[in-house]
Amino acid sequence: MSKGVFYDSVCAYFDRAAKHSKYDAGTLKQVKNCNAIYRMQFPVRADDGSIRVVEAFRAEHSYHRLPTKGGIRFSRMVSLNETVALAALMTYKCALVGVPFGGAKGGVKISPRSESEGFRERVTRRYTAELIRKNFIGPDIDVPAPDYGTGEQEMGWIVDTYKNIRMNEPNIYACVTGKPLGMQGIPGRTQATGQGVYFGLRSAMESTDVPKLLGLEPGLSGKRVILQGLGKVGFHAVKHLQNDGGALIVGISEQEGGIYNPDGLDVVALLAHRQETGSILDFPGAKNVDRAEVMEMPCEILIPAALENQITAENAPRIQAKIVAEAANGPVDQAGDAILRERGILVLPDLFLNAGGVTVSYFEWLKNRAGVSFDRMISRHEELNNREMVSAMETLTGQKLPESQRSHLVNGPDELRLVIAALEQTMTRSYNQIHDFWLQRELPDLRTAAFLMAIERVAESYTHHGIFP
Ligand code: NAD
């Protein structure tokens with residue numbers, strides 16, 4: 001697979017949507033192009049004492065809103081091209097769901113799963129120092145987050161490095177999101193992207209026209225799902241689809257191979273099995289299958305949640321799903337996309353479907369800047385009113401409420417509940433907006449609608465705010 005394909009696909013999707021835009025060519029070019037790129041190579045001591053030179057990138061795609069925001073990917077496949085494509089998607093994603101950031105992305109060319117924790121820590125800290133040196137990180141400048149191959153642990157090392165170098169700055173903890181809870185993270189961030197995928201799919205399957213269009217019964221209950229990539233995003237997506245939506249997870253594809261069970265797989269038990277044995281294979285009740293083949297087996301919903309360019313002209317003709325739900329960034333390339341469209345398969349596009357992560361990252365960033373958690377922001381006044389009301393109810397009925405119920409009524413919802421409620425509302429509202437825009441503007445598909453909405457929002461903010469010199 002050529003390295004340029006991902007960025008080419010993002011540009012092709014952009015151009016296809018931009019054709020329907022009222023904005024002039026110059027403005028559209030500014031919306032499309034990447035504002036700044038930092039390519040670095042730095043030395044890191046390996047575990048055996050030798051020196052290794054690590055290549056890494058940070059791309060800041062758009063400054064129409066600041067700070068810029070986007071995850072950091074650790075993978076041996078990382079390239080400049082990929083990083084810019086991912087940064088561009090971040091710009092469109094944020095605009096689409098109304099998160100006021102420009103897009104950015106980072107990439108570090110190491111294979112995280114085969115490196116020691118010590119090496120990953122040294123790489124992360126050095127990468128952060130490089131970003132600080134060139135002003136490519138900061139609460140008001142550019143705020144990284146987790147992506148493929150990184151998580152809470154790496155975000156913790158980043159904030160710790162930043163804190164020690166920039167100790168006199170205000171709002172230090174807002175320099176990165178996806179941090180551990182004990183380091184001013186926010187509850188719900190780990191599952192946010194996957195849970196957002198669930199909310200997005202639920203909205204589509206509960207709409208009046210989409211299930212009919214696909215010849216399916218409305219709702220998620222009983223729908224067969226196949227997942228590629230049982231990672232942070234994929235696991236939480238299928239867990240919610242299974243537990244909250246009543247869907248049947250029939251197949252999983254991972255690096256070590258695939259498994260399929262037409263009666264459904266318990267994904268929580270499967271994760272435990274993988275942690276215990278190091279593999280999803282040989283899971284009780286399931287058949288081992290080739291990892292590419294399992295994606296082509298019978299199901300209603302296929303969720304690619306691993307990497308880009310997984311559905312191409314080569315395998316798109318054999319996909320049996322009615323919906324391809326892009327939990328990963330760029331999993332369907334432009335040739336694959338054309339075939340899926342021709343075959344009447346609905347694609348829920350990445351820039352909408354995996355926006356739950358950046359949405360909750362926004363809440364974390366706001367919380368870090370306010371220096372107070374959201375549940376504490378609920379006014380003391382409200383709490384006193386609630387307490388009076390509950391006491392009055394208890395006096396009138398002569399009964400005491402159970403302590404957990406009393407505390408919930410008096411103190412209001414906890415932070416996790418607030419975060420999930422806001423995530424659900426963002427994903428549901430965004431789906432409805434894209435869906436209506438698709439129909440109103442008579443656009444060919446949901447991806448074009450999502451891109452055009454995002455492009456016009458970014459273009460509008462450039463022209464309205466007189467940003468051009
Ligand atoms: P992750 O590293 O937690 O998980 C990815 C999983 O995919 C791993 O288990 C890996 O083994 C598996 N995988 C890799 N190549 C595969 C292949 N060829 N076949 C089958 N499985 C394969 O990464 P993640 O954070 O879950 O990210 C996955 C995708 O979601 C990426 O495209 C990322 O950019 C996107 N995304 C992530 C977030 C986030 O919050 N983490 C937010 C938005 C989008």
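**View 1. The second largest pocket of this predicted model****.** Here we step into a pocket with a volume of about 210 Å³. Its lining counts 15 residues, and Arg-341, Ile-345, Leu-346, Val-347 and Asp-445 are the ones that lie nearest the centre. Two or more lining residues come from each of helix H7 (210-214), helix H10 (334-342), strand E12 (346-348) and helix H17 (446-464). Sorted by class, the lining of this second largest pocket holds eight nonpolar, six charged and one polar residue.

**View 2. Side chains that meet the ligand through N or O atoms****.** Let us start with Glu-254, where a side-chain N or O atom sits 2.5 Å from an oxygen atom of the ligand. Lys-232 also faces a ligand oxygen, with a side-chain N or O atom at 2.9 Å. For Gln-228 the partner is a ligand nitrogen, 3.5 Å from an N or O atom of the side chain. On its own the ligand has 830 Å² of accessible area, and the protein covers 94% of it. Helix H6 (189-206), helix H8 (232-243) and strand E7 (248-254) are the elements that each supply two or more residues to the shell around the ligand.

**View 3. The whole shell around the ligand****.** Pulling back a little, we find 26 residues around the ligand, with Arg-73, Asp-147, Thr-193, Glu-254 and Asn-329 coming nearest. The shell is made up of ten polar, eight nonpolar and eight charged residues. Both domain 1 (1-33 + 186-378 + 413-469) and domain 2 (36-185) take part, each giving at least three residues to the shell.

Methods
Residues are numbered from 1 along each chain as its sequence is written. This is a predicted model: local features need pLDDT of at least 70, side-chain atom pairs count only at pLDDT 80 or more; totals for chains, interfaces and linings use all residues. Side-chain values use heavy atoms; hydrogens and water are left out. A residue is near a molecule or strand if one of its heavy atoms lies within 4 Å of it. A polar contact is a pair of N or O atoms within 3.5 Å; within protein, one must be able to donate a hydrogen and the other to accept it, and residues adjacent in sequence count only if both atoms are side-chain atoms. Accessible areas come from the Shrake-Rupley method with a 1.4 Å probe; for residues, only the protein chains shown count as cover. Helices (H or I, at least four residues) and strands (E, at least two) are DSSP runs, numbered from the N terminus. Ala, Val, Leu, Ile, Met, Phe, Trp, Tyr, Cys and Pro count as nonpolar, Asp, Glu, Lys and Arg as charged, and the others, Gly among them, as polar. Domain bounds come from an automatic or database domain assignment. On a 1 Å grid over the protein atoms alone, a cavity is a set of points where a 1.4 Å probe fits but cannot get out, and a pocket is an open set with protein on both sides within 12 Å along at least five of seven lines; lining residues have an atom within 4 Å of a point. Grid points are joined across faces, edges and corners, and a volume is the space filled by probe spheres set on the points.
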